[in-house]
Amino acid sequence: MTTFANPRQLPEPGTPLSIAPDRQLETVLPNLGCETDSVDVTDLDGIAHIGWLLNRSPEATNIHIPIEEFASTHLAILASTGSGKSYTASVLIEEMMCPGARASLLVFVPHGEYDTLAQMQGHETFKGEDGYEPDVVYYNPERLRVRISELEIGDVMAVLDNPSNRMQECLSTAWSSMQRQESRMWGIDELINEIKGIYGEDDASVGALEWRLRRSIERNDLLHPEDNIPLNDIVDPGQCTVLQMDTLDRRNQQLITTVLLRRMYRERLDAVRGRDSEIEHPIFALFEEGHRFAPASGEAPSLGIMRTITSEGRKFGFGLGIISQRPSKIDQDVLSQCGTQVSMQIQNPNDQDAIKKSIEAAGEDVLRELPGLTPGQAVVSGDAMNTPALIQVRGRRTQHGAGSLPVIEKWRDAYEQQQREPTHSEAADFGGGESTGVQSLD
Ligand SMILES: Nc1ncnc2c1ncn2[C@@H]1O[C@H](COP(=O)(O)OP(=O)(O)OP(=O)(O)O)[C@@H](O)[C@H]1O
Ligand SMILES: [Mg+2]
């Protein structure tokens, strides 16, 4: 039987040392709860094959991390742009959607990068013997809705343009009074009636507040008096829902995230406390551009609920994954609660510093590796590992949909295309005559 211990001191001179066999490292490096190398880790349930040790031959020492560990005590994937964050996140999503895990996943995506995950449907690897197949559901911005009554007063203040103290006071009073009403289906007209009922029609601040409310809330397509995304549409075991937010502005991305997280957290709390709940199973939500939703600057309505979930979510089966190219811009409380970390190439000293401060397992030796990594190489550390390990992330089973555009090729193609098909204005300018190659600007 082999156990793993991080040596605290150098061995006595003369102690025989030997290189650990590949198989042994597979069992003892990740925190799989098995202490013997006679176990074949691939037989274990609920593990994610993330890649193999970089300092051994390719695929010789495969690293499988326990899904339960990172899905309950949260995950951070940190690296500069183009280093493989979305790729690694997709590898983990693939593992979580396999028949052995059948996760209930939500991916919050400010830029569309996860279109190819749909290939998991119908793919042999993801089929279970009992007929299981993952369901990949895309929610585009037109289908995203927030019911106005789900907003908290702080969210409303954040979307109004610089409300005066008097306006804030009027709004807070009327908002609390609306929240006490039995009906949850009310819009801006009802709210304004309430404000006028309390403060009268002639108050100058009331007029200005009405104008701001109509402009910021009533005209915002995301916010609706009645519609709300049905939670049972977006969370289900064996379902990966991708919330595509690319055409929403940053404020709306934060609002929808805030309200959805709050609703889901409430349901998980109810489920664990034995009350009626719409979400009876654990869930895991992954955030691209995590610094947008939990910013160190504190300027996002979603920060409060992100902090709550990262500190309390474990007890309620609600895990978060934060992906970011700017660790220094993520709230330290949120980042330091991410129990498992995948750190990839990072050169910016501020970002390295943020990793050092918030990640316990990130010793000097881990940090020293980060600048020199190439895309697809990562240091995995934290709860899912017994000791940090430098790995090569495995290839995806589905295609990767977020590579850089081949810029030169695109320019040359576009140029050729233009040569073949002159635009209308060119045809008109030169009247079909011989091109001089010089265009008149008037
Ligand atoms: N494990 C891997 N195996 C093979 N190629 C990889 C791997 N990881 C990353 N790559 C390559 O690196 C490219 C960039 O990866 P990815 O899109 O995940 O970067 P990113 O960190 O998400 O960047 P951004 O911050 O711009 O979103 C991919 O298109 C892919 O070609
Ligand atoms: Mg990416």
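This passage describes the ligand surroundings, the salt bridges and selected backbone features of a predicted model.

The surroundings of ligand 1 are considered at the outset. A total of 17 residues surround this ligand, and the closest are T81, G82, K85, S86 and Y87. Sorted by class, the shell consists of four nonpolar, ten polar and three charged residues. Helix α3 supplies the largest share of this shell, namely three residues. Several polar contacts to oxygen atoms of ligand 1 can be described individually. A polar side-chain atom of S86 lies 2.8 Å from an oxygen atom of the ligand. For Y87, the contact involves a polar backbone atom, which is 2.8 Å from an oxygen atom of ligand 1. A polar backbone atom of S83 is likewise found 3.3 Å from an oxygen atom of ligand 1. On its own, ligand 1 has 630 Å² of accessible area, and the protein covers 74% of this area. The elements that contribute two or more residues to the shell are α3 and β13, the latter spanning residues 389-393.

Residue S86 also takes part in the metal site. The magnesium ion, ligand 2, is coordinated by the OG atom of S86 and an OE atom of E113, at 2.0 to 2.7 Å. Because S86 lies in helix α3 and E113 in the loop between β4 and β5, this pair ties together parts of the chain that are 27 residues apart in sequence. The two coordinating residues can also be described by their accessibility. S86 is buried, since its relative accessibility of 10% falls under the 20% limit for that class. E113, at 23% relative accessibility, counts as partly exposed. S86 is thus a residue with two roles in this description: its side chain contacts an oxygen atom of ligand 1, and its OG atom coordinates the magnesium ion.

Attention now turns to contacts between charged side chains. The count of salt bridges in the model comes to 23. One of them joins D130 and R102, with the closest N and O atoms 2.9 Å apart. D130 is located in the loop between β4 (residues 104-109) and β5 (residues 135-139), and R102 in the loop between α3 (residues 85-96) and β4, so the salt bridge ties together parts that are 28 residues apart in sequence. D130 is exposed, with a relative accessible area of 55%, whereas R102 is partly exposed at 28%.

A further salt bridge is formed by the side chains of K196 and E210, with an N to O distance of 2.9 Å. This pair links distant parts of the chain, as K196 belongs to helix α6 (residues 188-199) and E210 to helix α7 (residues 204-218), 14 residues apart.

The side chains of R307 and D331 also meet in a salt bridge, at 2.7 Å from N to O. R307 is in helix α11 (residues 303-316), while D331 is in the loop between β10 (residues 318-324) and α12 (residues 332-336); the two are 24 residues apart. R307 is partly exposed, with a relative accessible area of 36%. D331, in contrast, is buried, with a relative accessible area of 6%. Elsewhere, salt bridges that share partners join E94, E95, R394, R396 and R397 into one network.

Helix α11 contains a further residue with polar side-chain contacts. T310 is placed in this helix and is buried, with a relative accessibility of 3%. A polar atom of the T310 side chain lies 2.8 Å from the backbone oxygen of M306. The T310 side chain also reaches the backbone oxygen of R307, at 3.2 Å. R307 therefore appears in two contacts: its side chain meets that of D331 in a salt bridge, and its backbone oxygen is reached by the side chain of T310.

Two residues are notable for their backbone angles. H74 has a positive phi, near 75°, although H74 is not glycine. This residue is found in the loop between α2 (residues 67-73) and β3 (residues 75-78), and it is buried, with a relative accessible area of 2%. R102 also has a positive phi, of about 50°, without being a glycine. The place of R102 is the loop between α3 and β4, and its relative accessibility of 28% makes it partly exposed. R102 is also the partner of D130 in the salt bridge described above.

Methods: Residues numbered from 1 in each chain as written. Chains lettered and ligands numbered in written order. Predicted model: local features only at pLDDT ≥ 70, side-chain atom pairs only at ≥ 80, totals over all residues. Heavy atoms only, no water. Salt bridge = Lys/Arg side-chain N within 4 Å of Asp/Glu carboxyl O. Helix = DSSP H or I, 4+ residues; strand = E, 2+ residues; numbered from the N terminus. Buried < 20%, exposed > 50% of the residue type's maximum accessible area, 1.4 Å probe, protein only. Donors = N, O, S within 2.8 Å, 3.2 Å for Na, K, Ca; no water. Near = heavy atom within 4 Å. Polar contact = N/O pair within 3.5 Å; in protein donor to acceptor, adjacent residues only side chain to side chain. Areas by Shrake-Rupley, 256 points an atom, 1.4 Å probe, with all protein chains shown as cover. Nonpolar A, V, L, I, M, F, W, Y, C, P; charged D, E, K, R; others polar.
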